[in-house]
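Good morning, and thank you for making time for this item. I shall present one model, beginning with a single position and then moving to the overall fold and its interior.

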Amino acid sequence: MNPMAKLMQCVQFAAHKHKNQRRRDPNKTPYINHPINVATILAVEGCIDDKEVLQAALLHDTVEDTETTFEEIEEAFGKNVAEIVREVTDDKSLPKLERKRLQIVHAETSSRKAKLVKLADKLDNLRDLQNVLPEGWTDERREEYFIWAKKVVDNLRGTNEILESKLDAIFKDKKLLQ
């Protein structure tokens with residue numbers, strides 16, 4: 001199967017898995033827009049053409065946020081894609097603060113492919129937060145997210161200069177960079 005066909009199967013798989021989910025923005029944006037944005041950021045802005053990275057970007061939230069299993073991803077898209085997704089997936093059985101702490105810790109030792117997905121994920125989330133406050137969030141919670149995201153990104157450094165510079169521009173705007 002050609003790489004584009006497999007990528008499109010991945011888009012369809014992710015869209016099916018996230019079909020009933022919405023973002024917490026006031027417009028209730030379909031959740032699938034986020035994984036598509038993450039893959040697009042990687043391909044267009046980060047100049048990444050690695051099909052496994054792009055597939056993992058599309059699938060990065062499926063295990064965490066749906067009933068999808070790593071085995072299901074491996075069967076459909078291969079062991080390498082499943083391993084990247086595994087690296088970027090939080091263990092939802094842990095308390096939220098522990099998950100956030102572990103994201104910071106694991107960022108440094110993640111594979112380059114997982115780091116790319118994580119960089120694009122943070123970039124998309126931060127761009128959204130610059131524009132709109134999710135329902136139920138306070139300005140203080142948004143600021144805490146920016147501070148935490150910078151700690152994660154700092155442990156992803158040296159992965160993709162283009163994406164890191166775009167993140168740094170956001171952090172500078174938020175006065176998290178001097």
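**A helical model, from one loop residue to the core**

Let me begin with Cys 47, which is exposed, with a relative accessible area of 56%. Please keep in mind that this is a predicted model. Cys 47 belongs to the loop between α2 and α3. Its phi is positive, at about 60°, although the residue is not a glycine.

Lys 28 also has a positive phi without being a glycine, with a value near 55°. Lys 28 is found in the loop between α1 and α2. Its relative accessible area is 39%, and it is therefore classed as partly exposed.

Now to the fold as a whole. How many helices and how many strands does the protein have? There are 10 helices and 0 strands. Along the sequence, the order of elements reads α-α-α-α-α-α-α-α-α-α. The radius of gyration is 16 Å, close to the 16 Å given by the globule rule for 178 residues, so the protein is as compact as a globular protein of that length. Taken along the principal axes, the C-alpha atoms occupy a box of roughly 50 × 35 × 30 Å.

Some totals follow. Buried residues make up 44% of the 178 in the protein. Among contacts with a separation of 6 or more, 66% join residues that are 24 or more positions apart. The protein exposes about 9600 Å², and carbon and sulfur atoms supply 50% of that area. As for charge, there are 30 positive and 32 negative side chains, and the centres of these two sets lie 2 Å apart.

I turn next to the interior. In soluble globular proteins, nonpolar side chains tend to be buried together. In this model, the largest nonpolar core holds 46 residues, and the members that touch the most other members are Leu 42, Leu 59, Ile 73, Val 85, Val 117 and Leu 126. Two or more residues come from each of α1 (3-17), α2 (33-45), α3, α5 (70-77), α6 (79-88), α8 (112-131), α9 (139-154) and α10 (161-173). Which element gives the most to this core? That element is α8, with 8 residues.

Val 117 illustrates how the core is joined. Setting aside residues up to four places away in sequence, Val 117 touches Val 38, Leu 42, Val 53, Ala 56, Ala 57, His 60, Ile 84 and Val 88.

Two further buried positions carry polar side-chain names and merit a look. The first on my list is Gln 55, located in helix α3, residues 51-59. Is Gln 55 buried or exposed? With a relative accessible area of 2%, Gln 55 is buried. Its contacts, not counting residues up to four places away in sequence, are Lys 6, Leu 7, Cys 10, Phe 77 and Val 81.

The other is His 18, which sits in the loop between α1 and α2. His 18 has a relative accessible area of 1% and is therefore buried. Which residues is His 18 in contact with, leaving aside its neighbours within four places in sequence? They are Tyr 31, Ile 32, Pro 35, Asp 61, Thr 62, Asp 65 and Thr 66.

Two positions show how the accessibility classes are applied. Leu 102 lies in helix α7, residues 96-109. Why does Leu 102 count as buried? Its relative accessible area is 19%, and buried means under 20%. Asp 168, in helix α10, has a relative accessible area of 22% and is therefore partly exposed.

Each of these two residues also comes with a C-alpha distance. Leu 102 is 9.4 Å from Asp 91, with the two positions 11 residues apart in sequence numbering. Asp 168 is 9.8 Å from Asp 154, at a sequence separation of 14 residues.

I close with Arg 86, a residue of helix α6. Arg 86 is partly exposed, with a relative accessible area of 37%. Its C-alpha atom is separated by 23 Å from that of Asn 20, and the two residues are 66 apart along the chain.

To recapitulate, this predicted model has 10 helices and 0 strands, and α8 is the element that gives the most to its largest nonpolar core.

Note on methods
Residues are numbered from 1 along each chain as its sequence is written. This is a predicted model: local features need pLDDT of at least 70, side-chain atom pairs count only at pLDDT 80 or more; totals for chains, interfaces and linings use all residues. Side-chain values use heavy atoms; hydrogens and water are left out. Helices (H or I, at least four residues) and strands (E, at least two) are DSSP runs, numbered from the N terminus. The radius of gyration is taken over C-alpha atoms; the globule rule is 2.2 Å times the number of residues to the power 0.38. Buried means under 20% relative accessible area, exposed over 50%, partly exposed in between (1.4 Å probe, protein chains only). Contact means heavy atoms within 4.5 Å. Accessible areas come from the Shrake-Rupley method with a 1.4 Å probe; for residues, only the protein chains shown count as cover. Lys and Arg count as positive and Asp and Glu as negative; His and the chain ends are not counted. The place of a charge is taken as NZ of Lys, CZ of Arg, CG of Asp or CD of Glu. A nonpolar core is a set of buried Ala, Val, Leu, Ile, Met, Phe, Trp, Tyr and Cys residues joined through side-chain atoms within 4.5 Å.
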